[in-house]
Amino acid sequence: MPLYARIAELPTEIDGYRLERHELATPNWTRVTTTIVMAGRGLEGRGEDVTYEVPEHDVLAAQEPVDLSGATTFAEASGALGPFGLGYRRWGFESAVLDLALRQAGRTLGDVLGLVYRPVRFCMSTRHDPRPWLAASPGLEFKLDPEPSWDDDYLAALARGGRVRVLDVKAHYPHDIVGVAPDERIYVACRDRFDDDTTIEDPWIADGWLDLFRGHEHRLAFDAIIHSIADVQALPFVPRRMNIKPSRFGPVENLLATIEFCKAHRIALYGGGQTELDIGRDHIQALASLFYAAAANDVAPREYNTGEARPGLPQSPLPAPAPRAGIA
């Protein structure tokens, strides 16, 4: 039975929902997210809208709530969320509904899907020098975002350290401050200096750039451009690795179908995060635990998003989620 079919008919009773706003100020930006708290039968389910544009959270707070009171199953509630379309907001609402449905059923997501929660290996994601973090926690692994300013000596030092698992070159964010233009020197360094197990994420592969990676296609993975099975199939080669950020897929049905497709085609998966400030981080850790626990997942605990490098933070692997009703 397809994964989605196992949750589609979960009985669901929704009285309404409320919104909770979260903010985190960093040196470069202020992250804002909204938690959707879905209520029904005296229980609550939670999901997190990780939309990046701050004004969009103001819009959500000001608009009339969607009436979900007529839904009797998860699938019906999903259908009633039509106004939210696809994307981060849809994931936030659907994950809240699913969390509530599971709590009303007294079941875990793993139980309903017939899967086992496992300890989760994670990487720390940073755009900065990882070595202070490594000094504080020698066992850490990293997802790094190479910059054109990184010189060859620095890249060589990172490669020698042997702790880098993903190099995210961010070529698919053309209108975003985190975007990085294709850079041949950086691409070649990622290809040649780091070992074969180190994934190269989101390189530019159009306009002849894929030629730089001939023979190394198995190391390439994508994130920003992957929202569905069709996006995976549209790549000009058969990928062997893929980043899964649940919020990018919008509807839960779309997420589960893409995970099933990748597993059927032997595409190795690893989880990705989007600076979730609340329950969304627990949800992506739970999904990693069920589907790709042993991969180099970019799902580090929230403590890694705040403060300087320091000892005493949770270490990898994270324990498997406790067996309680809900997604996580």
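**Exercise 1. Describe the surface and overall build of the protein.**

Step 1. Start from the outside: the accessible surface of the protein is about 14000 Å², and carbon and sulfur atoms hold 53% of that. Such areas come from the Shrake-Rupley method with a 1.4 Å probe, and for residues only the protein chains shown count as cover.

Step 2. Know your model. It is a predicted one, where local features need pLDDT of at least 70 and side-chain atom pairs count only at pLDDT 80 or more, while totals for chains, interfaces and linings use all residues. Residues are numbered from 1 along each chain as its sequence is written, and side-chain values use heavy atoms, leaving out hydrogens and water.

Step 3. Now look inside: 53% of the 328 residues count as buried, meaning under 20% relative accessible area (exposed is over 50%, partly exposed in between; 1.4 Å probe, protein chains only).

Step 4. Finish with the box: along the principal axes, the C-alpha atoms fill roughly 60 × 40 × 35 Å.

**Exercise 2. Find Asp223 and work out its surroundings.**

Step 1. Go to the loop between strand 8 (220–221) and helix 9 (229–233), where Asp223 is found. Helices (H or I, at least four residues) and strands (E, at least two) are DSSP runs, numbered from the N terminus.

Step 2. Is Asp223 buried or exposed? Its relative accessibility is 1%, so Asp223 counts as buried.

Step 3. List the contacts (heavy atoms within 4.5 Å). Leaving aside neighbours within four places in sequence, Asp223 touches Tyr173, Glu201, Asp202, Asn243, Lys245 and Arg248.
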